Amino acid sequence: MAISSSCPTVKAVNSRWTSPSPSPVSKFAVFRRPSLLPELRYTPNVRLTATNALRTAEQATLAEEDHKFSTAGSDEDDSALLPKPRILVAEKLGEAGVNLLREFGDVDCSYDLSPEDLKKKVAESDALIVRSGTKVTREVFEAAKGRLKVVGRAGVGIDNVDLQAATEYGCLVVNAPTANTVAAAEHGIALLAGMARNIAQADASIKAGKWERSKYVGVSLVGKTLAVMGFGKVGTEVARRAKGLGMNVISHDPYAPADRARALGVELVSFDKAIATADFISLHMPLTPATKKVFNDETFSKMKKGVRLVNVARGGVIDEDALVRALDAGIVAQAALDVFCVEPPSKDSKLIQHENVTVTPHLGASTKEAQEGVAIEIAEAVSGALRGELSATAVNAPMVSPEVLSELAPYIVLAEKLGRLAVQLVSGGKGVQSIKVVYRSARDRDDLDTRLLRAMITKGIIEPISDSFVNLVNADFIAKQKGLRISEERMVVDSSPEYPVDSIQVQISNVESSFAGAVSDGGAISIEGKVKYGVPHLTCVGSFGVDVSLEGNLILCRQVDQPGMIGQVGNILGEQNVNVSFMSVGRTVVRKQAIMAIGVDEEPDKKTLERIGGVSAVEEFVFLKL
Ligand SMILES: NC(=O)c1ccc[n+]([C@@H]2O[C@H](COP(=O)([O-])OP(=O)(O)OC[C@H]3O[C@@H](n4cnc5c(N)ncnc54)[C@H](O)[C@@H]3O)[C@@H](O)[C@H]2O)c1
Ligand SMILES: O=C(O)[C@H](O)COP(=O)(O)O
């Protein structure tokens with residue numbers, strides 16, 4: 001069913017005071033695309049703290065325009081003396097990536113840092129880049145004291161980064177998920193084939209002066225069944241290569257689409273079937289609470305006797321003591337391992353020293369090609385994030401395509417401003433818990449990603465009433481922490497599907513309001529806004545329709561609908577040299593009640609506001625900062 005806006009249209013507007021809707025041309029010209037992660041973006045001369053993170057997305061964009069980063073070779077480079085963002089590279093990164101980072105920031109390549117030194121350095125860094133060898137713990141985020149905006153993982157696995165802590169601190173985590181896929185798959189195949197033919201053992205034997213041809217008789221791969229555990233990027237490439245070697249490939253992956261497996265001639269099976277059927281098992285799942293030590297005494301006992309195991313995923317998915325027992329019992333004939341529970345593993349670990357075990361020191365991603373690729377991928381993701389852009393490889397924030405981002409940009413500004421306005425209408429800003437957001441849109445339900453809008457509404461609501469800073473990364477977390485329940489509703493309207501959203505309405509229920517006129521018939525504080533010609537507008541307050549551009553500050557007055565009101569209030573403001581930018585009057589019943597929404601450039605002093613309150617027909621008024 002098509003539903004129109006909940007507010008009546010605006011009537012009886014005194015043209016002397018009402019700014020006409022801006023012309024499409026002029027308003028498009030001034031509109032700037034907001035940064036979605038304004039707190040993440042490094043702004044020269046301004047240390048990003050919880051306080052200055054209060055900037056709105058729009059302000060942040062203006063700041064960006066005013067302070068361009070110095071970019072080598074840029075014609076517009078008028079800021080060579082401005083400080084650049086500091087990027088700490090804590091593990092060896094391909095040169096191409098380091099060079100890219102140097103064009104953008106001050107790069108400190110400090111490898112093998114102790115945990116203490118890492119903590120000291122992050123307190124002076126805007127971004128940190130690591131591989132798998134650095135533990136980015138909660139203590140690291142604490143030590144950063146809000147300065148660290150981005151952690152870049154130059155590779156796939158993010159099990160060495162405390163994602164929960166990163167999210168709580170509003171620090172974006174990005175990874176480089178694609179550039180080392182083939183390298184890891186090739187290493188898996190190399191270990192598989194090398195293990196089957198005892199290459200490492202035979203090599204060591206010859207170097208020890210022996211010639212043991214019968215001892216190192218191997219097993220063939222062709223016709224054998226390989227179970228690929230985890231049919232993601234690496235698992236798929238391993239499967240493709242194993243098929244080429246004539247193996248029968250099955251896979252277990254609870255989340256993999258069957259058609260992708262089928263297209264490669266791979267059968268997706270249950271965990272138990274995979275391990276019970278396979279002659280070779282190759283591990284390619286991430287280390288998560290669900291996969292930790294999933295290969296243990298119990299699961300080894302279900303395997304075919306004489307199975308051979310390859311692990312280029314993460315050491316932690318195997319209970320290493322159980323693997324030693326399975327090797328000793330002959331359940332596992334051989335294992336080839338690139339990754340370990342603790343890296344580097346202890347030299348005298350029974351597992352490492354086991355004669356049927358081949359090991360490499362976490363070399364899966366270590367090809368020249370992969371390392372260059374990963375370095376470029378992470379350098380681009382980190383510098384993009386420092387510019388306030390959303391990364392396509394964000395691990396703890398919504399990933400949004402540039403097209404969607406650009407389309408949603410003005411609505412994101414609107415969303416934050418509506419949140420900010422709504423919460424200022426709550427008496428004392430107290431007791432805010434239940435928030436409902438209604439998006440009216442002509443688009444299909446699936447065609448509107450509201451995560452960004454919700455995050456910005458959350459930011460707008462929380463920041464004026466607390467000292468938390470909120471961004472896209474931590475919005476949901478902070479909302480939950482503060483006990484906010486934010487529900488969303490989509491309504492289909494008969495407008496143009498060319499625009500993603502027709503209007504956004506924010507309702508806060510079960511609270512006292514400082515402005516009764518903002519309370520709708522349902523009892524909730526309710527405001528609604530639209531984007532007009534690219535500019536956010538307030539279009540509804542409670543049950544009153546208004547139409548003011550959301551710029552500067554706003555005075556809302558509820559008064560008896562009678563002639564001369566605009567003049568009286570306008571004169572008071574004028575006498576105090578407060579410039580009125582927009583004004584709009586909305587009413588429900590003629591000559592009964594009306595609301596005046598007055599946009600002002602300056603903040604009127606207390607006396608001026610009291611004079612407005614003293615106008616006889618004014619029943620209540622409120623001053624709101626946008
Ligand atoms: N040794 C190395 O140097 C090296 C290099 C690259 C990747 N890796 C590791 O390899 C693993 C795979 O990397 P990727 O790029 O293919 O990641 P990916 O995200 O593309 O694939 C992982 C797959 O595992 C699946 N999965 C999740 N839980 C599972 C479970 N319980 N059982 C089975 N499958 C499950 C997922 O659905 C996904 O399809 C990661 O652990 C990564 O860290 C290691
Ligand atoms: O997850 C990964 O990408 C690999 O384990 C590679 O790790 P590395 O960057 O430490 O080589």
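This report walks through a predicted model, going from the overall layout down to helix pairs and a few single residues.

## The chain as a whole

Let's start with the big picture. The chain has 626 residues, and 54% of them are buried. Its secondary structure adds up to 20 helices and 22 strands. If you look at contacts between residues at least 6 apart in sequence, 68% of them join residues at least 24 apart.

The domain assignment splits the chain into four pieces: domain 1 (86-175 + 371-387), domain 2 (212-359), domain 3 (400-549) and domain 4 (551-625). Note that domain 1 is written as two segments, 86-175 and 371-387. Going by C-alpha atoms, the centres of domain 1 and domain 4 are 51 Å apart.

## Helices α16 and α17

Now for some helix packing. Two packed helices are described by the angle between their axes and the distance between the axes. For helix α16 (residues 402-424) against helix α17 (residues 451-462), those values are about 30° and 7 Å. Angles under 35 degrees count as roughly parallel, so α16 is roughly parallel to α17. The crossing of this pair is right-handed.

Who touches whom? On the α16 side, the contact residues are Leu 405, Leu 408, Tyr 411, Ile 412, Ala 415, Glu 416, Gly 419, Arg 420 and Val 423. On the α17 side they are Leu 452, Leu 453, Met 456, Ile 457, Lys 459, Gly 460 and Ile 461. Sorted by class, the contact of α16 with α17 has 11 nonpolar, two polar and three charged residues. The charged ones are Glu 416 and Arg 420 from α16 and Lys 459 from α17, while Gly 419 and Gly 460 are the polar pair.

## Helices α3 and α15

Helix α3 (residues 95-104) and helix α15 (residues 368-386) have axes that come within 7 Å and cross at roughly 20°. That angle makes α3 roughly parallel to α15, and the crossing is right-handed.

From α3, the residues in the contact are Glu 95, Ala 96, Gly 97, Leu 100, Leu 101 and Phe 104. They meet Glu 372, Ala 375, Ile 376, Ala 379, Glu 380, Ser 383 and Leu 386 of α15. The class breakdown for α3 with α15 is eight nonpolar, two polar and three charged residues.

## Helices α7 and α9

Helix α7 (residues 181-196) packs on helix α9 (residues 233-244) at an angle of about 50°, with the axes 8 Å apart. In words, α7 is oblique to α9. This crossing is right-handed.

α7 brings Thr 181, Val 182, Ala 184, Ala 185, Glu 186 and Ile 189 to the contact. α9 answers with Lys 233, Val 234, Glu 237, Val 238, Arg 241 and Ala 242. By class, the contact of α7 with α9 has seven nonpolar, one polar and four charged residues.

## Spotlight on Glu 168

Glu 168 sits in helix α6 (residues 163-168). Is Glu 168 buried, exposed or partly exposed? With a relative accessible area of 23%, Glu 168 is partly exposed, as the buried class stops at under 20%.

Setting aside neighbours within four places in sequence, Glu 168 is in contact with Arg 138, Asn 474 and Phe 477. Lys 592 is a different story: Glu 168 and Lys 592 are 424 residues apart in sequence and 49 Å apart in space, C-alpha to C-alpha.

## Backbone oddities

Most residues other than glycine have a negative phi, and most peptide bonds are trans. Here are some exceptions. The peptide bond from Glu 343 to Pro 344 is cis, with omega near -5°. Pro 344 belongs to the loop between β11 (332-337) and α14 (350-353).

Asp 112 isn't a glycine, yet its phi is positive, at about 55°. You'll find Asp 112 in the loop between β2 (106-109) and α4 (115-122), where Asp 112 is exposed with a relative accessible area of 76%. Asn 510 also has a positive phi, near 60°. Asn 510 lies in the loop between β15 (503-509) and β16 (525-532), and is exposed, with a relative accessible area of 67%.

Key: Residues numbered from 1 in each chain as written. Chains lettered and ligands numbered in written order. Predicted model: local features only at pLDDT ≥ 70, side-chain atom pairs only at ≥ 80, totals over all residues. Heavy atoms only, no water. Axes fitted to C-alpha atoms, helices over the stretch in contact; angles between N-to-C directions. Helix = DSSP H or I, 4+ residues; strand = E, 2+ residues; numbered from the N terminus. Parallel < 35°, antiparallel > 145°, perpendicular 65-115°, else oblique. Left-handed = near helix turned anticlockwise from the far one by under 90°. Contact = heavy atoms within 4.5 Å. Domains from an automatic or database assignment. Buried < 20%, exposed > 50% of the residue type's maximum accessible area, 1.4 Å probe, protein only.
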